[in-house]
Structure formats: C-alpha cells, structure tokens
Amino acid sequence: MQFENKIICDGLLNKSLEVKMQKLIIYGPTSLMGEIEVEGAKNAALPILTASILAQNKVIITNVPDIVDVKHTIEILKYLGCNVLFENNTVVVDSSSIERFTIPPEYAKLMRSSVLFMGALLSKFRRVELSNHPGGCEIGQRPIDLHISAFRQLGIEVFESNNRIMCRCDRIKGSEIFLPIPSVGATENIILASIFCDGEVVIKNAAKEPEIVDLCHFLNKLGAKIKGAGTHIIKIEGVKRLNSEEVIHKVIPDRIVAGTYLCAVAACGEEVVLKSVFPRHLDSILHILKGSGCKIKESKNEIWIKKEGRLKGGLRITTHYYPGFPTDLQAPVCSAFAVASGVTIIKETIFENRFKHVPELVKMGADIHVEKDIAVINGVEKLRGCKVFARDLRGGAALFIAGLSAQGVTEVMDADYIDRGYEKIEEKYSLLGAKILREKGE
C-alpha cells in the first residue's frame, strides 16, 4: 500500500451521509449453506483506532471491518490531523501531525464511540472538548455520567455548558475507581485517559468484554502497562512515554456478527461453517442454540452449525454483561425464535428501549408481546415478507434475518443502520445462497 497522498472515504462528512436511505430487498425463504469468514470486530476496531492517536510511530491495524462506523472514526482522525489510509481491511494511521483536541458536533453525533476520543485526547493533550453529546442508535438512555465521574476522580476538571463538555488537567493522578455497573465505554475511556498517569489507576468492577482485552493488547504493544484486562479489576501503571517502534495489530473477530450468522441459520435452516471466529467468545449463544435443536461443533477458529426442521422454543433468555448473553444479540435471537415452536421469553436488562424491532416483526406475522423489559414470543410456523423499517443497528439485523426466513419479498428500509456494524451484509449472505438486492430507499 502506498501511504502518501492516499485519500480514504474522502474525509468529508457529506460524503459519508450519502449512504443514508438504503434498502435491502430479500427474497425468501432462504436455506443457508456454505462457508463464510467472520469480519473483524466493530467494537474492538473503533476504540483501537481511537487509541492510535497515542502512538509514537505509524500503526498498522489489520482485520478492520469495512463499515460505516469505521469510516466515521477515520473521518474524526483525519479532522484531528492524522494521516490515514484504509484499504483492504487494513488501516494505517500516522498521528505525528495531530493538532486538534476538539470533536465538533457534526462528528460527535454520528456514533456513540466518539466519546472515547475524550480519554485518548486527554492523554495526548491534557485537554479535550466534545461539542455535542455522543450519538449512535437510540436504544435507551446511555448517559456518560460514569465517564465524567471517573475523569474527575483522575484529577481532571470537567465543565459542561450549552451541550459542550470541556475537560482539562495538568496531570492524570493515580486513583482507584469503582464503576457502579461494568460499563464498556467507561472502562475503555478510563484506560485511555490513564496511560500516562502518575502512579497507578485501578478500575474495579471493570467490563470484561473481549473487545476491551483487544484494546489493552494493542495499547501494551504501544508501550502501555495494563494488567487484568478480561477481569473485573484492571490496573494501569502510568508510563512516561510509549515505544517508538512501528506497531502491527490484528483486530479480533466480531462475535456479534458471528452470532448473527448463527441466528440466521437457526431461523432458516441448513448448514454453515463460520471461519476466523473465536468460539469461546460465543458460549452464551451457542448454549442457547444447542438447547434448541441446532447441531453445533467447535474447533479453535471455526464453528459448524446445522439446523434441520423447526427450532425448539420454550427458553427463558436474559441479557447480561459479558460473559452473559449479549444485549447486541437479543434482537437477532428474537427473530430466530419468532419461527420456533413453543413460547420463548426474553428479558432485556441492559437497555430499556431495545425492542423497536418487535412491531416490525409483528407486521411480518410474528406473535410477540412486550411488557416493559420482557418480550414473550409465541412461535409461528412462518413469517411473511413485507416492508419493514430498521430503527437501530441490531434491530435492523433482526429484520434482515426475518426477511431471510419469511415467505415472499421483504424490504428492509433504512438499511444504513445495518451498515454501521455489518460489512457488505447482502454480499456475504449471498455467498451462502441468499437472494438479496440493495437499492436506494424511498
């Protein structure tokens, strides 16, 4: 790859917004058959790209998914002054020319993970300004109070005014921070802000997600000193400076994308091999599908799944923090069990507004009733295709799965939500035998 003078995704916000109002036309029902490579994890790639601004030399990040949120993150990096190349799922970042410490509203509102630039820029410049509260899917309240509270415990002054958040400090002080809930974003922001701390920062009740482990592996390659990633206690020993060597890092596979494939096979039937996947990251969904009649075999980096006949319902599923059942797979699982036998109950404990896909599934013939944080799914024999609207990323994936299993044609409108977290979804499922077209929305 030639690094110099390469323009990626044009670096223009208006360009990125042109992908809006896409729709996917799915011809069902589909049986899925074949092998598929699982892409890199969105929720690992975004914080790792953010952390790249701390590097002393060029960093090369491989296995990066070609998705909208990655392109938005790259736009922010370029706005800050970094030179960036994105080509063939590899991102090269040179942050030596970074000069800004402000994230303007047009970037902040694009996605939730923009908040992570606060921790990274505080490490880099000891100051940061976020001109809008971070955006993303509207799946419930996701305040950044935990982030702000943690910053103040690190000796950072935080000012909030006119929808702007300004932070500054002379140094990051060593501290012990207890998180009331194991928030992924707050854990990552504390880690990023603490790389050059005085002494040691200890995070108690830290999130344990594999994506946090991957972020810490990357930072340790840069020269950080982080221990305990993947446990509820993470320790960051402050360093004076990071290494000067060039760093290459490969992003872990996306467990939510892999879980979505598994749910699609469970809903549609037939036989698929997922390659380049870490089965240990998928224990909760594999346990559920095995108990529902799917035949599953696991090896080091592959999962084989076969489903014949109708999925068996009758389960009670509760979302929880990792290693519990992930909230990001709640919607895809809902679509799979919409056509299962018996009654399945799903309790959502993480976000209070994450059943937006249910009314759209009901339009397709699903029998689902929601009461507060519980969805009761009375499985039906089949769904019918119709026009449905994606309201968020994972809900969009649920409608995509429903379209694959439904009789007739399904139009999933506002498919740009799906593009935020799934790489070329129509092309990849077509490799497994699905019939899908992409068109501009109405």
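Immediately after helix α5 comes R126, a residue with a positive phi, near 65°. The model is predicted, and R126 offers a point of entry into it, with a helix on one side and a strand on the other. The helix that R126 follows, α5, spans residues 116–125, and eight of its ten residues are buried, so α5 is largely enclosed by the rest of the structure. The buried positions are L116, F117, M118, G119, A120, L121, L122 and S123.

Beyond R126 the chain enters strand β7, residues 127–130, which runs parallel to strand β6 (residues 102–103) and is joined to β6 by two bridges. In this pairing I103 stands opposite L130 of β7. Strand β7 also pairs with strand β9 (residues 164–168), here in the antiparallel sense and over four bridges. L130 again marks the register, standing opposite I165 in β9. Strand β7 thus takes part in a parallel pairing with β6 and an antiparallel pairing with β9. Strands of a sheet pair through backbone hydrogen bonds, and either direction is possible.

Further along the chain, strand β10 (residues 173–178) and strand β11 (residues 198–204) run parallel and are joined by five bridges. Within this pair, I177 has I203 of β11 as its bridge partner. The connection includes helix α7, residues 184–193, and together β10, α7 and β11 make a right-handed β-α-β unit.

An annotated segment comes next. The unreviewed UniProt entry lists residues 263–287 as "domain: C2H2-type". In the model, this stretch is 44% helix and 24% strand, and its end C-alpha atoms lie 12 Å apart.

Another sheet brings together distant parts of the chain. This open sheet has four strands in the order β22-β23-β1-β24, with mixed pairing. Its edge strands, β22 (387–389) and β24 (435–440), each pair on one side only. On average, neighbouring strands of the sheet are turned by 25° against each other, direction ignored.

Within the sheet, β1 (residues 22–28) runs antiparallel to β24, and six bridges join the two. The register of β1 against β24 can be read from K23, whose bridge partner in β24 is E439. Helix α13, residues 393–405, lies across β1, β22, β23 (408–413) and β24, running at about 30° to β1.

Definitions and conventions. Residues numbered from 1 in each chain as written. Predicted model: local features only at pLDDT ≥ 70, side-chain atom pairs only at ≥ 80, totals over all residues. Heavy atoms only, no water. Pairing = 2+ DSSP bridges. Right-handed = clockwise from strand over helix to strand, strands pointing away. Buried < 20%, exposed > 50% of the residue type's maximum accessible area, 1.4 Å probe, protein only. Axes fitted to C-alpha atoms, helices over the stretch in contact; angles between N-to-C directions. Contact = heavy atoms within 4.5 Å. UniProt positions renumbered as here; feature names shortened; annotations may be inferred.
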